[in-house]
Amino acid sequence: MKIATLVVLMPLVAACANRLPHVAENPPSSGAFEKALHQGYVGLAQAEIDEYDWSDGGKFTKRADMLSNGSMVLPEEIAMRDLPADRVSVLTSSRARLMKAIDGGLTSEYPNQLARAQVAFDCWMQEQEENRQPADIEACQKDFIAAMEEVEAAEKAKMAKAEPAPAPAATPAPTPATLPEGIAIYFDFDSANLGGYGNSVVEDAASVFTDLGATSVTLSAYADRSGDTAYNDALAARRGEAVKAALIANGISADAITVEVLGEREQVFATEDGVREARNRSVLFNFAR
């Protein structure tokens with residue numbers, strides 16, 4: 001059986017080994033983040049091929065090749081790997097942490113750091129699936145955390161240096177603070193599970209609701225365009241109801257919460273039918289007084 005398997009795999013091995021040099025020599029034509037991400041995936045692919053892991057070497061070569069061809073490459077979906085059950089939560093919240101920075105447009109300000117974070121995350125996912133080399137798992141995880149902390153520290157320092165807003169003129173009835181927009185929770189593919197990161201967003205949203213005097217919140221629930229419309233409506237509804245239940249658990253009255261199921265019919269980020277898009281697997285908070 002081993003001999004037969006080896007014979008079957010040999011063409012794939014050769015294809016992977018021969019393809020990587022071509023991909024390495026053809027980086028994306030533009031975009032500092034994309035170029036750094038391409039370089040990182042090339043290095044990751046070579047490292048796996050050097051260890052005779054042709055399967056993952058091929059996967060990372062493919063991701064680098066997609067960047068060469070101008071395609072967007074997001075961090076690996078949690079569902080794409082067969083992960084140990086006790087590591088799913090930390091990887092899910094870590095991916096959400098990275099997606100928050102990417103969706104927030106920070107790749108233009110911190111291209112090298114966020115490219116490093118994404119490559120380290122995918123490395124962590126791959127090593128965690130194998131679950132054989134604790135030192136390699138730890139190295140990838142630490143590299144991810146270090147890159148993210150560098151971005152978050154820079155953002156915090158930038159906010160601290162910002163000019164303070166001028167003091168408002170005294171009025172008999174001060175204007176209430178503006179209710180925030182853009183608070184969102186992102187879900188894994190075909191999932192309505194909040195996870196650790198999602199629950200922390202709900203806690204923040206509940207504090208906003210209470211502290212800023214909101215009287216109602218509408219939860220706009222979306223799904224991406226993979227799968228049929230009816231299934232995606234039901235999936236979006238489950239996501240909205242999961243967020244609603246979490247808000248109620250954080251002290252918000254059920255009467256103040258409305259779930260608006262938009263499914264795939266209205267898209268946060270427009271895509272063709274059948275496309276998986278992380279930014280469309282979301283629930284958005286819309287507060288009102």
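1. **Crossing of α5 and α6.** In this predicted model, helices α5 and α6 cross with a left-handed sense. Helix α5 covers residues 111-130 and helix α6 covers residues 134-161. Their axes lie 8 Å apart, at an angle of about 155°. Angles over 145 degrees count as roughly antiparallel, so α5 runs roughly antiparallel to α6.

2. **What makes that contact.** On the α5 side, the residues include Leu114, Ala117, Ala120, Phe121 and Trp124. Gln113, Arg116, Cys123, Glu127 and Gln128 of α5 take part as well. On the α6 side, the residues include Ile137, Cys140, Phe144, Ala147, Met148 and Val151. Charged residues of α6 also join in, among them Asp136, Asp143 and Glu150. By class, the contact of α5 with α6 has 13 nonpolar, 3 polar and 5 charged residues.

3. **The α4 and α5 pair.** Helix α5 also packs with α4. The axes of α4 and α5 cross at roughly 160° and come within 11 Å. With an angle over 145 degrees, α4 is therefore roughly antiparallel to α5. The crossing of α4 and α5 is left-handed.

4. **What makes the second contact.** From α4 come Val90, Leu91, Ser94, Arg95, Leu98, Ala101 and Ile102. They meet Leu114, Ala117, Gln118, Phe121, Trp124, Met125 and Gln128 of α5. The contact of α4 with α5 divides into 10 nonpolar, 3 polar and 1 charged residues. Leu114, Ala117, Phe121, Trp124 and Gln128 of α5 appear in this contact and also in the contact with α6.

5. **The largest nonpolar core.** Which residues touch the most other members of this core? They are Tyr41, Leu98, Leu114, Phe121 and Phe144, out of 40 residues in the core. At least two residues come from each of α1 (2-24), α2 (32-50), α3 (54-68), α4 (88-103), α5 and α6. Helix α5 gives the most, with 9 residues.

6. **Leu98 in detail.** Setting aside neighbours within four places in sequence, Leu98 is in contact with Pro75, Leu114, Ala117, Gln118, Phe121, Phe144 and Met148. Of these partners, Leu114, Ala117, Gln118 and Phe121 are listed on the α5 side of the α4 contact. Phe144 and Met148 belong to the α6 side of the α5 contact.

7. **A second core.** Apart from the largest core lies another one, of 28 residues. Its members include Ala96, Ala246, Ile257 and Phe287.

8. **Arg281, a buried arginine.** Arg281 sits in the loop between β3 (257-263) and β4 (282-288). Is Arg281 buried or exposed? Its relative accessible area is 1%, which means that Arg281 is buried. Beyond neighbours within four places in sequence, Arg281 is in contact with Glu77, Asp188, Asp190 and Asp224, among others. Its contacts also include Ile185, Tyr186, Phe187, Phe189 and Tyr222. Two arginines, Arg239 and Arg276, are in contact with Arg281 too.

9. **Arg239, another buried arginine.** Arg239 is found in helix α8 (residues 229-249). Its relative accessible area is 0%, so Arg239 is buried. Not counting residues up to four places away in sequence, Arg239 touches Phe187, Asp188, Asp190, Ser191, Ala192, Tyr222, Ala223, Arg281 and Val283. Arg239 and Val261 are 22 residues apart in sequence, and their C-alpha atoms are 9.2 Å apart in space.

10. **Two positive phi values.** Most residues other than glycine have a negative phi. Tyr52 is not a glycine, yet has a positive phi of about 65°. Tyr52 lies in the loop between α2 and α3. With a relative accessible area of 63%, Tyr52 is exposed. Asp190 also has a positive phi, of about 60°, and is not a glycine. Asp190 is in the loop between β1 (184-186) and α7 (195-211). With a relative accessible area of 40%, Asp190 is partly exposed. Asp190 is in contact with the buried Arg281 and with the buried Arg239.

11. **The chain as a whole.** The chain has 8 helices and 4 strands. Along the sequence, their pattern is α-α-α-α-α-α-β-α-β-α-β-β. The C-alpha trace spans about 80 × 45 × 35 Å along its principal axes. Of the 289 residues, 42% count as buried. Among contacts with a separation of 6 or more, 74% join residues 24 or more positions apart.

Technical notes. Residues numbered from 1 in each chain as written. Predicted model: local features only at pLDDT ≥ 70, side-chain atom pairs only at ≥ 80, totals over all residues. Heavy atoms only, no water. Axes fitted to C-alpha atoms, helices over the stretch in contact; angles between N-to-C directions. Parallel < 35°, antiparallel > 145°, perpendicular 65-115°, else oblique. Left-handed = near helix turned anticlockwise from the far one by under 90°. Contact = heavy atoms within 4.5 Å. Nonpolar A, V, L, I, M, F, W, Y, C, P; charged D, E, K, R; others polar. Core = buried A, V, L, I, M, F, W, Y, C linked by side-chain atoms within 4.5 Å. Buried < 20%, exposed > 50% of the residue type's maximum accessible area, 1.4 Å probe, protein only.
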